[in-house]
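Open the model in your viewer and keep the sequence beside it. This tour moves from the whole chain to one strand, then to one residue.

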Amino acid sequence: MAFPNKGYDGAGHFATNPNFEVQRSNHFEVVLNLSTILPSQGDTVAEHIRLSVKSVTAPKVTSEQITLKHGNDTVKVAAAPSYEDLSIQVHDTLGLDQIDAIQSWYNKVFDWNTKLMGMVSDYKTSGILYMYSPDGSVKRQWVLEGVWPRSYGSGTDFSYESTEAQSVTLDLSVDRYHEEPVSGN
């Protein structure tokens with residue numbers, strides 16, 4: 001099929017056609033359900049993480065493959081999906097100590113004092129990753145299931161030469177996630 005050559009018209013369509021509004025990568029929030037995990041401070045910690053997130057890796061799902069042979073021919077078919085873990089960087093704040101709050105959650109996974117592992121029901125939770133349009137409406141949302149801290153630590157090396165804000169990296173193991181339709185979109 002041949003398309004008529006209208007000539008190059010520049011990038012004006014980005015400004016005049018709402019179908020070409022670009023999604024910005026810095027319009028997002030991560031909301032973790034920590035109220036049952038940390039009963040005395042969970043909502044406060046979750047809100048603090050939400051407001052101080054610096055970055056989060058994008059959800060990515062891959063499928064394993066099975067190779068089937070018949071004679072001298074092979075075909076590949078899909079097998080079990082695999083959900084990549086998410087890595088979140090948050091600004092390390094002093095009012096509510098992010099390291100202390102995250103350590104409290106991690107202690108539910110493994111308590112270094114007792115050297116005991118925690119019960120899954122005590123450390124796994126859920127969450128939502130929101131992506132907003134430039135006007136602030138929710139455009140996409142991913143529901144996160146089976147979330148727990150696999151590792152955490154200072155996300156920035158210490159240096160007298162640096163002028164960067166200190167951050168904390170939190171690697172979250174996630175069982176699965178899915179994009180959920182946003183009502184009204």
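A residue counts as buried here when its relative accessible area is under 20%, and as exposed when that area is over 50%. Keep that cut-off at hand for the stops below. Note also that this is a predicted model.

**Stop 1: the whole chain**

Select the protein chain and show it as a cartoon. Four helices and eleven strands make up its secondary structure. The radius of gyration is 22 Å, well over the 16 Å that the globule rule gives for 185 residues, so the chain is more spread out than a compact globule. Turn it along its principal axes: the C-alpha trace spans about 70 × 55 × 40 Å.

Now think about contacts. Among those with a separation of 6 or more, 61% link residues 24 or more positions apart.

**Stop 2: the surface**

Switch to a surface view. The protein chain exposes about 12,400 Å², and carbon and sulfur atoms supply 52% of that area. Buried residues make up 26% of the 185 residues.

Colour by charge next. You should find 14 positive and 23 negative side chains. The centres of the two sets lie 7 Å apart.

**Stop 3: strand S10**

Select residues 167–173, which form strand S10. How many of its seven residues are buried? Seven of the seven are, so S10 is largely enclosed by the rest of the structure.

Show the side chains and look at each face. On one side sit Ser167, Thr169, Asp171 and Ser173; on the other sit Val168, Leu170 and Leu172. Both faces are covered, as these residues are all buried.

**Stop 4: the partners of S10**

Add residues 86–91, strand S5. S5 and S10 pair in the antiparallel sense over six bridges. Pick Leu86: its bridge partner in S10 is Leu172.

Then add residues 138–154, strand S9. Six bridges join S9 to S10, and the two run antiparallel. Pick Pro149, which stands opposite Leu172 in S10.

**Stop 5: Ser173**

Finish by selecting Ser173, found in strand S10. Why does Ser173 count as buried? Its relative accessible area is 12%, and the cut-off for buried is under 20%.

What surrounds Ser173? Leave aside its neighbours within four places in sequence, and Ser173 is in contact with Asp85, Gly146, Val147, Trp148 and Arg150. Show those five residues as sticks to complete the view.

Technical notes
Residues are numbered from 1 along each chain as its sequence is written. This is a predicted model: local features need pLDDT of at least 70, side-chain atom pairs count only at pLDDT 80 or more; totals for chains, interfaces and linings use all residues. Side-chain values use heavy atoms; hydrogens and water are left out. The radius of gyration is taken over C-alpha atoms; the globule rule is 2.2 Å times the number of residues to the power 0.38. Buried means under 20% relative accessible area, exposed over 50%, partly exposed in between (1.4 Å probe, protein chains only). Contact means heavy atoms within 4.5 Å. Accessible areas come from the Shrake-Rupley method with a 1.4 Å probe; for residues, only the protein chains shown count as cover. Lys and Arg count as positive and Asp and Glu as negative; His and the chain ends are not counted. The place of a charge is taken as NZ of Lys, CZ of Arg, CG of Asp or CD of Glu. Two strands pair if DSSP finds at least two bridges between them.
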